[in-house]
Amino acid sequence: MDLDAVRELFDRQLREGARADGPGTRVERVDGVVRQTGAADDWNGVLWSDLDASTADAAIAAQIRYFAARGHAFEWKLYAHDRPGDLGGRLAAAGFAAEPEETVMVAPVGDLPTAVELPEGLRLLQVTDAAGVDLMVDVHARAFGTDSGHLRHRLLTRLREAPDTVVPVVAMAGDRPVSAARMELPPGADFAGLWGGGTVAEWRGRGLYRALIAFRARIAAERGYRYLQVDASDQSRPILERLGFVPLTTTTPYVYDS
């Protein structure tokens, strides 16, 4: 891959040219930034910016005022190649808290394995309704120890109003969910995004992460997407590299809790 060209395409399609990620949200382009806003349970934040040292601080202050007026916490999704080079420091000085850095990794869909290999006794269930969403939320609560109420809201809304834009899947051991993930399918884009992969502790290390990637890669290929994209943690990056994903850039969420 020509990584510079892929990075430019990624920025143009998924950041500067982003579409709202679900019903009830909207994308706005103002004051040198592209932001998404919605209800409290939606993802609210800045996706892209075109700033320099003379405009960054004013743009940051404008976004704080905007989201504070709506009573929403929000995220400024900063990428390593964003400018100015000290934008992260400026965000921190304005009161944002940096979360762990992730590596943006991509792979051509046609180069990825699509054969799903599961441990004996497990099956994959593609989620299409509220009962399936509850299974996903249960996995996330046990795998990450966090409240996933916002995830439930977003998935239910997407499945109800825009079902072709998301593919949630759960791995089942009998009637108990043990792993879950989803794929986002932005209309008109070349990139499908892999998100939310989590496995409960007793089932880790048995190939479920790879199986869920293969399942989603097959669907992405069927729907004509060119690339899969993942914001990878340090734990998932080695697995993704073995499957053929390569680093594109890094991203750090800066969160402002109004």
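The charged end of arginine 70 sits over the ring of tyrosine 66, at 3.7 Å from the ring centre. This contact belongs to a predicted model. A second contact of this kind involves tryptophan 203. There, arginine 206 lies over the face of the tryptophan, 4.2 Å from the ring centre.

Tyrosine 66 is also part of an aromatic cluster. The other members of this cluster are Phe67, Phe74, Trp76, Phe96 and Tyr256. In total, the structure holds 9 aromatic pairs. In one of them, phenylalanine 67 and phenylalanine 74 have ring centres 4.3 Å apart and planes at 15 degrees, so the pair is stacked. The cut-off for stacking is an angle under 30 degrees. Both partners are buried. Phenylalanine 67 has a relative accessible area of 0%. For phenylalanine 74 the value is 2%.

Strand β2 covers residues 33–37. Of its 5 residues, 5 are buried, so the strand is largely enclosed by the rest of the structure. The burial extends to both faces. Val33, Arg35 and Thr37 lie on one side, and Val34 and Gln36 lie on the other.

β2 has strand partners in β1 and β3. Strand β1, residues 26–30, pairs with β2 in the antiparallel sense over 5 bridges. Within this pairing, valine 27 stands opposite glutamine 36. The two strands form a hairpin, with 2 residues between them. Aspartate 31 lies in the turn and has a positive phi of about 55 degrees. Strand β3, residues 45–49, also runs antiparallel to β2 and is joined to it by 4 bridges. Here valine 34 of β2 stands opposite tryptophan 48 of β3. Valine 34 and glutamine 36, which face tryptophan 48 and valine 27 in these pairings, are on one side of β2 and are both buried.

Helix α5 spans residues 149–161. Its 13 residues should span 18 Å at 1.5 Å a residue, and its end C-alpha atoms are 18 Å apart, which agrees. The buried residues of this helix are Leu151, Leu155, Thr157, Arg158 and Leu159. An α-helix has 3.6 residues a turn, so residues three or four places apart point the same way. Leu151, Leu155 and Leu159 are among the buried residues of α5. The cover over the buried residues includes helix α4 (130–144) and the strands β8 (166–173) and β9 (176–184).

Arginine 90 lies in helix α3, which comprises residues 87–93. With a relative accessibility of 17%, arginine 90 counts as buried. The cut-off for this class is under 20%. The side chain of arginine 90 makes a polar contact of 2.9 Å with the side chain of aspartate 86. Beyond residues up to four places away in sequence, arginine 90 touches Ala53, Ala56, Asp57, Ile60 and Pro84.

Serine 233 lies in a loop, between β11 (227–232) and α7 (237–243). Serine 233 is partly exposed, with a relative accessible area of 25%. In sequence, serine 233 and glutamate 101 are 132 residues apart. In space, their C-alpha atoms are 7.7 Å apart.

Terms used
Residues numbered from 1 in each chain as written. Predicted model: local features only at pLDDT ≥ 70, side-chain atom pairs only at ≥ 80, totals over all residues. Heavy atoms only, no water. Phe/Tyr/Trp six-rings, centres within 6.5 Å; stacked < 30°, edge-to-face > 60°. Buried < 20%, exposed > 50% of the residue type's maximum accessible area, 1.4 Å probe, protein only. Lys NZ or Arg CZ within 6 Å of the ring centre and 35° of its normal. Expected span 1.5 Å × (residues − 1). Contact = heavy atoms within 4.5 Å. Pairing = 2+ DSSP bridges. Polar contact = N/O pair within 3.5 Å; in protein donor to acceptor, adjacent residues only side chain to side chain.
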